[in-house]
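This report looks at a few local features of one protein chain: charged side-chain pairs, two helices that pack together, and some backbone angles that call for a second look.

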Amino acid sequence: MISHFEFGEEFDSALLANAPKVRLSRRGIIMGLAAGTVFPFVSGCTTNAATGASQLLLFGDDQVASMAATAWTDMKAQTPQTSNSKLKSRVLSIWDRTINGAVKEGHISPTAQWDVAVFDTDDVNAFVMPGNRVGVYRGITELTENDDQLSSVLGHETGHVVGKHAAERLSVSTAAQVGLMAGQIAVASSDELSKYGAAIGALGGAAVQFGVILPYSRNHELQADKLGVDYMHQAGYDVKQSVRLWELMDAQSKGQRPPEFMSTHPDPVRRAEELRNYINARGYALI
Ligand SMILES: [Zn+2]
């Protein structure tokens with residue numbers, strides 16, 4: 001199952017430079033991990049009912065949600081939220097309509113509750129955290145030209161939720177870390193305990209990274225793009241605007257200040273192309 005690794009770069013701490021500047025409570029996340037079942041992971045492969053993908057999932061939804069709780073609380077405490085009530089209600093209404101598209105698609109429970117924050121910074125970014133937490137920055141609302149484009153961003157983020165991408169990424173990272181630790185113990189059994197401690201520390205680091213915003217694999221991104229378009233279509237938005245969004249991202253990436261969204265969502269030209277093909281193939285529109 002763990003035969004392909006596209007995740008190596010996630011352990012590169014330089015990538016943290018792209019994460020929002022928040023002070024995460026490491027201890028809380030490590031405690032959450034320690035309370036969870038980190039080690040009995042031999043039978044973690046399941047099939048995602050919405051996407052049909054086979055996934056390694058060592059953690060349940062509740063577990064990853066509780067791991068992200070501290071990061072979310074810290075982020076909300078340390079990043080200003082917009083006081084522009086018009087902007088906030090616009091984002092919320094686009095969110096509601098988009099998520100209802102996912103409900104119509106049968107991928108999201110109609111009773112799910114969401115915590116949506118609109119942060120008042122220039123960052124051209126948006127993200128979801130496990131536990132139905134959604135962050136949208138003012139900057140991305142200013143880059144997008146219309147509600148349809150913002151819906152495509154939010155639909156994409158919803159795709160990450162439905163695909164259980166955060167839990168899968170954390171699971172693969174954890175399996176890699178635990179595997180590494182087992183190897184270390186085998187060669188130096190004299191100080192198992194200290195290595196155990198180091199591994200838990202490393203897991204804490206991985207949780208911090210997954211909890212915030214770091215790149216998903218290319219497969220996760222393409223899957224989220226396509227799911228996002230399905231939800232836009234169900235919600236009655238203009239799916240062609242998802243292609244336009246990536247063209248805008250590409251244009252802006254050539255400027256002096258590339259959008260933060262690009263650092264976690266690379267390759268806009270190819271994605272626009274894939275989306276165009278998908279939209280045509282599904283018969284949503286002809287472009
Ligand atoms: Zn994404």
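Asp-122 has a relative accessibility of 44% and therefore counts as partly exposed. The values discussed here come from a predicted model, and they should be read with that in mind.

## Salt bridges

The side chain of Asp-122 meets that of Arg-138 in a salt bridge, with 2.9 Å from N to O. This pair joins distant parts of the chain, since Asp-122 sits in the loop between E3 and strand E4 (126–129) while Arg-138 belongs to helix H4 (residues 138–143), 16 residues apart. Unlike the partly exposed Asp-122, Arg-138 counts as buried, because its relative accessibility of 19% falls under the 20% cut-off. The pair is also part of a wider arrangement, in which Asp-120, Asp-122, Arg-138 and Glu-142 are linked in a network of salt bridges.

In total, the structure holds 16 salt bridges. Another of them is formed by Asp-115 and Lys-76, whose closest N and O atoms are 2.8 Å apart. Here, too, distant parts of the chain are linked, with Asp-115 placed in strand E3 (residues 115–119) and Lys-76 in helix H2 (residues 61–78), 39 residues apart. Asp-115 is partly exposed at a relative accessible area of 30%, and Lys-76 is likewise partly exposed, at 28%.

A further salt bridge connects Asp-250 with Lys-254, where the closest N and O atoms are 2.9 Å apart. Asp-250 is buried, with a relative accessible area of 17%, whereas Lys-254 is exposed, with 64%.

The table collects these three pairs.

| Acidic residue | Basic residue | Closest N to O |
|---|---|---|
| Asp-115 | Lys-76 | 2.8 Å |
| Asp-122 | Arg-138 | 2.9 Å |
| Asp-250 | Lys-254 | 2.9 Å |

## Helices H5 and H8

Helix H5 (residues 147–162) has 16 residues, which should span 22 Å at 1.5 Å a residue, and the distance of 22 Å between its end C-alpha atoms agrees with that expectation. H5 is mostly covered, with 14 of its 16 residues buried. At the N-terminal end, H5 is capped by Asn-146, a side-chain oxygen of which lies 3.3 Å from the backbone nitrogen of Asp-148.

Helix H8 (residues 218–235) packs against H5 at an angle of about 120 degrees, and the axes of the two helices are 7 Å apart. H5 is therefore oblique to H8, because angles of 65 to 115 degrees count as roughly perpendicular and those over 145 as roughly antiparallel. The crossing in which H5 passes H8 is right-handed.

H8 itself has 18 residues and reaches 26 Å from its first C-alpha to its last, close to the 26 Å expected at 1.5 Å a residue. Buried residues of H8 include His-220, Glu-221, Leu-222 and Ala-224, and among them are also the charged-type side chains Asp-225 and Asp-230.

## Positive phi angles and the E4–E5 loop

Where do the positive phi values fall relative to H5 and H8? Just after H5, Lys-164 takes a positive phi of about 50 degrees, and H8 is followed by Gly-236, whose phi is positive as well, near 85 degrees. Lys-164 has this positive value although it is a residue other than glycine. Its place is in the loop between H5 and helix H6 (165–187), and Lys-164 is partly exposed, with a relative accessible area of 27%.

Asn-132 also has a positive phi, of about 60 degrees, although it is not a glycine. Asn-132 lies in the loop between E4 and strand E5 (133–137), and it is partly exposed, with a relative accessible area of 23%. Gly-131 is found in the loop between E4 and E5 too, and is partly exposed with a relative accessible area of 38%. The C-alpha atom of Gly-131 is separated by 9.3 Å from that of Gln-113, and these two residues are 18 residues apart along the chain.

Terms used
Residues numbered from 1 in each chain as written. Predicted model: local features only at pLDDT ≥ 70, side-chain atom pairs only at ≥ 80, totals over all residues. Heavy atoms only, no water. Salt bridge = Lys/Arg side-chain N within 4 Å of Asp/Glu carboxyl O. Helix = DSSP H or I, 4+ residues; strand = E, 2+ residues; numbered from the N terminus. Buried < 20%, exposed > 50% of the residue type's maximum accessible area, 1.4 Å probe, protein only. Expected span 1.5 Å × (residues − 1). Polar contact = N/O pair within 3.5 Å; in protein donor to acceptor, adjacent residues only side chain to side chain. Axes fitted to C-alpha atoms, helices over the stretch in contact; angles between N-to-C directions. Parallel < 35°, antiparallel > 145°, perpendicular 65-115°, else oblique. Left-handed = near helix turned anticlockwise from the far one by under 90°.
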